[in-house]
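Trainee: I'm new to this one, and I'd like a close look at a single part of it. Could you take me through the aromatic rings and whatever surrounds them?

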Amino acid sequence: MTAITIRPSEPVELDPSDKRVVQFDWDAENLAASVTITSVFTISVVTQIGATALTKDNPSLLTGNRKTQVRLDATTATAGDEYLLANTVTTDESPAQVKEQSIRVLIRNR
(Lines give C-alpha, C1' and ligand atoms only; values in the text may rest on other atoms or scores of the structure.)
Protein backbone atom coordinates (compact mmCIF):
# COMPACT_ATOMS: atom_id res chain seq x y z
CA MET A 1 0.00 0.00 0.00
CA THR A 2 1.56 3.28 -1.08
CA ALA A 3 0.93 6.50 0.78
CA ILE A 4 0.13 9.75 -0.97
CA THR A 5 1.30 13.13 0.32
CA ILE A 6 -1.55 15.56 -0.06
CA ARG A 7 -1.86 19.30 -0.31
CA PRO A 8 -4.62 20.90 1.76
CA SER A 9 -6.21 22.49 -1.32
CA GLU A 10 -6.55 19.20 -3.20
CA PRO A 11 -9.56 16.93 -2.52
CA VAL A 12 -8.94 13.20 -2.27
CA GLU A 13 -11.31 10.80 -4.03
CA LEU A 14 -11.73 7.30 -2.64
CA ASP A 15 -13.69 4.38 -4.03
CA PRO A 16 -15.96 2.72 -1.44
CA SER A 17 -13.58 -0.27 -1.53
CA ASP A 18 -10.42 1.79 -0.81
CA LYS A 19 -8.20 1.79 2.26
CA ARG A 20 -5.59 4.46 1.58
CA VAL A 21 -2.78 6.06 3.58
CA VAL A 22 -2.55 9.84 3.26
CA GLN A 23 0.26 12.05 4.54
CA PHE A 24 0.58 15.72 5.50
CA ASP A 25 4.04 17.28 5.12
CA TRP A 26 4.57 19.82 7.90
CA ASP A 27 8.15 20.71 6.85
CA ALA A 28 6.67 23.29 4.46
CA GLU A 29 4.92 25.13 7.32
CA ASN A 30 7.71 27.47 8.46
CA LEU A 31 8.72 25.38 11.46
CA ALA A 32 12.15 25.88 12.98
CA ALA A 33 14.55 23.01 12.24
CA SER A 34 14.61 21.77 15.86
CA VAL A 35 10.82 21.81 16.39
CA THR A 36 8.92 18.54 16.81
CA ILE A 37 5.15 18.14 16.68
CA THR A 38 2.33 16.08 18.10
CA SER A 39 -0.59 15.29 15.81
CA VAL A 40 -4.34 14.66 16.00
CA PHE A 41 -6.59 13.66 13.07
CA THR A 42 -10.34 14.32 13.00
CA ILE A 43 -13.03 13.50 10.46
CA SER A 44 -16.13 15.70 10.12
CA VAL A 45 -19.17 14.85 8.00
CA VAL A 46 -20.04 17.23 5.16
CA THR A 47 -22.54 14.89 3.44
CA GLN A 48 -23.39 11.38 4.56
CA ILE A 49 -25.68 9.18 2.45
CA GLY A 50 -25.45 5.87 4.31
CA ALA A 51 -25.69 4.75 7.91
CA THR A 52 -21.93 4.33 8.34
CA ALA A 53 -19.12 6.86 7.87
CA LEU A 54 -15.50 7.12 6.75
CA THR A 55 -13.13 5.83 9.44
CA LYS A 56 -9.43 6.28 10.15
CA ASP A 57 -6.73 4.26 11.87
CA ASN A 58 -2.97 3.98 12.34
CA PRO A 59 -2.14 7.69 12.80
CA SER A 60 1.60 8.24 13.02
CA LEU A 61 4.49 10.70 12.79
CA LEU A 62 7.18 10.18 10.15
CA THR A 63 10.47 11.72 9.04
CA GLY A 64 11.71 12.96 12.40
CA ASN A 65 8.24 13.98 13.57
CA ARG A 66 7.67 16.42 10.70
CA LYS A 67 5.34 14.41 8.46
CA THR A 68 2.07 12.84 9.62
CA GLN A 69 0.02 10.02 8.15
CA VAL A 70 -3.25 8.20 8.69
CA ARG A 71 -5.08 5.38 6.90
CA LEU A 72 -8.57 6.19 5.62
CA ASP A 73 -11.02 3.29 5.36
CA ALA A 74 -13.70 4.06 2.76
CA THR A 75 -15.21 0.56 3.08
CA THR A 76 -17.22 1.99 5.98
CA ALA A 77 -18.55 4.87 3.83
CA THR A 78 -21.04 5.15 0.97
CA ALA A 79 -20.61 6.51 -2.56
CA GLY A 80 -21.74 10.14 -2.53
CA ASP A 81 -20.41 10.82 0.99
CA GLU A 82 -18.12 13.78 1.60
CA TYR A 83 -15.93 14.39 4.64
CA LEU A 84 -13.43 16.89 5.97
CA LEU A 85 -10.19 15.34 7.26
CA ALA A 86 -8.27 17.71 9.54
CA ASN A 87 -4.77 17.27 10.90
CA THR A 88 -3.96 19.51 13.86
CA VAL A 89 -0.39 19.69 15.13
CA THR A 90 1.07 21.28 18.23
CA THR A 91 4.73 22.25 18.36
CA ASP A 92 7.07 21.69 21.30
CA GLU A 93 8.12 25.36 21.28
CA SER A 94 7.51 27.79 24.12
CA PRO A 95 4.96 29.15 23.56
CA ALA A 96 3.59 26.27 21.49
CA GLN A 97 2.05 26.85 18.08
CA VAL A 98 -1.09 25.02 16.94
CA LYS A 99 -1.53 24.59 13.19
CA GLU A 100 -4.14 22.78 11.13
CA GLN A 101 -4.41 21.50 7.57
CA SER A 102 -7.56 19.95 6.18
CA ILE A 103 -8.76 18.30 2.99
CA ARG A 104 -12.07 17.19 1.54
CA VAL A 105 -12.47 13.44 1.07
CA LEU A 106 -14.99 12.42 -1.60
CA ILE A 107 -16.34 8.88 -1.85
CA ARG A 108 -16.97 8.04 -5.51
CA ASN A 109 -17.42 4.80 -7.44
CA ARG A 110 -14.56 4.35 -9.90
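How many aromatic pairs does a search of the whole structure find?

Mentor: Just one aromatic pair turns up when the whole structure is searched. Phenylalanine 24 and phenylalanine 41 make that pair, with 6.0 Å between the ring centres and 45° between the planes, so it is classed as tilted (rings of Phe, Tyr and Trp, the last by its six-membered ring, pair if their centres lie within 6.5 Å; planes under 30 degrees apart are stacked, over 60 edge-to-face, and the rest tilted). The two rings bring together distant parts of the chain: phenylalanine 24 sits in strand 3 and phenylalanine 41 in strand 4 (residues 37–47), 17 residues apart. Strands here are DSSP runs of E at least two residues long, numbered from the N terminus.

Before going on, a word on what you're looking at. This is a predicted model, in which local features need pLDDT of at least 70 and side-chain atom pairs count only at pLDDT 80 or more, while totals for chains, interfaces and linings use all residues. Residues are numbered from 1 along each chain as its sequence is written, and side-chain values use heavy atoms, with hydrogens and water left out. The chain's pLDDT (the predictor's confidence in each residue, from 0 to 100) averages 92, and 99% of the residues score at least 70. Strand 4, home of one of our rings, has the highest mean pLDDT among the elements, 97, whereas strand 1 (residues 3–5) has the lowest, 80.

Back to the rings. Both are hidden away: phenylalanine 24 is buried at 0% relative accessibility, and phenylalanine 41 is buried too, at 7%. (Buried means under 20% relative accessible area, exposed over 50% and partly exposed in between, using a 1.4 Å probe and protein chains only.)

Leucine 85 is a good neighbour to visit next, as it touches both rings. Its contacts (heavy atoms within 4.5 Å) beyond four places in sequence include Phe24, Phe41, Val22, Leu72 and Val105. Leu85 is also one of the residues with the most contacts inside the largest nonpolar core, which has 20 residues; others named there are Leu14, Leu54, Leu72, Val105 and Ile107. Such a core is a set of buried Ala, Val, Leu, Ile, Met, Phe, Trp, Tyr and Cys residues joined through side-chain atoms within 4.5 Å. Strands 2, 3, 4, 6 (67–73), 7 (82–91) and 8 each give at least two residues to this core. As a general point, nonpolar side chains in soluble globular proteins tend to be buried together.

How are some of these strands put together? Strand 7 and strand 8 run antiparallel and are joined by nine bridges (strands pair if DSSP finds at least two bridges between them). A hairpin of six residues leads from strand 7 to strand 8, and tyrosine 83 has valine 105 of strand 8 as its bridge partner. Strand 2 also pairs with strand 8, this time in the parallel sense over three bridges, and here valine 12 faces the very valine 105 we just met.

Valine 12 lies in strand 2 (residues 12–14) and is buried, with 5% relative accessible area. Apart from neighbours within four places, valine 12 is in contact with residues including Ile6, Arg20, Ile103 and Val105. Valine 12 and tyrosine 83 are 71 residues apart in sequence, yet 9.9 Å apart C-alpha to C-alpha.

Now return to strand 3, where phenylalanine 24 sits. Glutamine 23 belongs to strand 3 (residues 19–25) and is buried at 11%. The side chain of glutamine 23 makes a 3.0 Å polar contact with that of threonine 5. (That term means N or O atoms within 3.5 Å; within protein, one must be able to donate a hydrogen and the other to accept it, and residues adjacent in sequence count only if both atoms are side-chain atoms.) Glutamine 23 also touches Leu62, Lys67 and Gln69, among others. Valine 21 is in strand 3 as well and counts as buried at 12%.

One last stop is strand 8 (residues 98–107), where you'll find lysine 99. Lysine 99 is buried, at 18% relative accessibility, and its contacts include Trp26, Glu29 and Val89.

Definitions and conventions:
Helix = DSSP H or I, 4+ residues; strand = E, 2+ residues; numbered from the N terminus.
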